[in-house]
Amino acid sequence: MSSPYNVRIVGDPVLRAVADEITDIDGRLVKLADDMLETMYAEPGIGLAAPQIGVGRRFFVYDIGEGPQALVNPVIQESRGEWTFDEGCLSVPNMSFEIVRPKEIHITGYDLDGNEVSIEADELLSRLFQHELDHLDGVLLLDHLDDDTRKDAMKVLRDRELETPEPKKRKLGGLSLP
Ligand code: NI
């Protein structure tokens with residue numbers, strides 16, 4: 001099954017940019033959220049932030065088994081405790097790391113109808129929110145690792161890139177195009 005977007009992978013500069021506040025919640029944003037959800041389910045993933053499909057705007061979609069949701073202009077108001085979780089990311093494929101972050105957060109933002117929302121989140125949902133909000137600030141889970149672990153991870157990512165075969169050249173009427 002093809003999904004509407006390709007998820008951007010670490011190395012893509014859009015993943016390192018700070019996304020812009022959303023000023024208009026309109027039909028185009030709702031359509032974008034639908035396409036992002038389709039992309040997220042196809043991967044499959046439980047969360048996807050707009051920069052991961054190349055859109056530098058402050059929102060993400062998610063579903064932890066309670067149905068599709070979106071959060072616009074999210075802000076963490078308060079965080080409490082500590083929780084260790086084996087965290088992965090669609091933009092850093094096939095890797096996961098034990099990362100410690102606050103266990104509970106209070107997050108506010110807007111839904112796709114433009115209503116203010118205020119959510120008390122714990123454990124998995126709290127982790128998802130913190131992870132997706134990082135994407136809006138150009139932060140990846142690699143940035144939460146200690147130096148040695150990060151260096152090892154970057155080496156694995158570089159080696160993987162070297163192993164990726166060159167894209168096949170297309171043949172057009174006897175001409176070979178890169
Ligand atoms: Ni991610």
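This section describes the two helices, a strand hairpin and several backbone features of a predicted model.

The chain has an average pLDDT of 92, and 92% of the residues score at least 70. Residues 168–177 have a pLDDT below 50, and this stretch makes 6 contacts in the model beyond near neighbours in sequence.

Helix α1 comprises 16 residues, 27–42. At 1.5 Å a residue a span of 22 Å is expected for α1, and the end C-alpha atoms lie 23 Å apart, which agrees. The buried residues of this helix are L32, A33, M36, T39 and M40. They cover an arc of only 125° around the axis and therefore lie on the same side of α1. This can be set beside the general geometry of such helices: with 3.6 residues a turn, residues three or four places apart point the same way. The cover over the buried residues of α1 includes β1 (47–49), β2 (59–62) and β3 (69–80). G27 and K31, on the other side of α1, are exposed. In the loop between α1 and β1 lies P44, and the peptide bond that joins E43 to P44 is cis, with omega near -5°.

Strands β4 (residues 83–89) and β5 (residues 92–101) pair in the antiparallel sense over 7 bridges. The two strands form a hairpin, with 2 residues between them. Within this pairing, G88 stands opposite S96 in β5. Strand β5 also contains N94, a residue other than glycine whose phi is positive, near 60°. N94 has 8 other C-beta atoms within 10 Å and is exposed.

Helix α2 spans residues 123–136. For its 14 residues a length of 20 Å is expected at 1.5 Å a residue, and the end C-alpha atoms are 20 Å apart, in agreement. Of the 14 residues of α2, 11 are buried, so the helix is largely enclosed by the rest of the structure. Among the buried residues are L125, L128, F129, L133 and L136, and the set also includes R127, Q130, H131, E132 and H135. E123, which is found in α2, is partly exposed, with 13 C-beta neighbours inside 10 Å. The phi of E123 is near 45°, a positive value in a residue other than glycine. A positive phi, near 75°, is also found at G138, which follows α2.

Technical notes:
Residues numbered from 1 in each chain as written. Predicted model: local features only at pLDDT ≥ 70, side-chain atom pairs only at ≥ 80, totals over all residues. Helix = DSSP H or I, 4+ residues; strand = E, 2+ residues; numbered from the N terminus. Expected span 1.5 Å × (residues − 1). Buried ≥ 20, exposed ≤ 12 C-beta atoms within 10 Å, placed from the backbone. Pairing = 2+ DSSP bridges. Arc of directions from axis to C-beta. Contact = placed C-beta atoms within 7 Å. pLDDT = per-residue confidence, 0-100.
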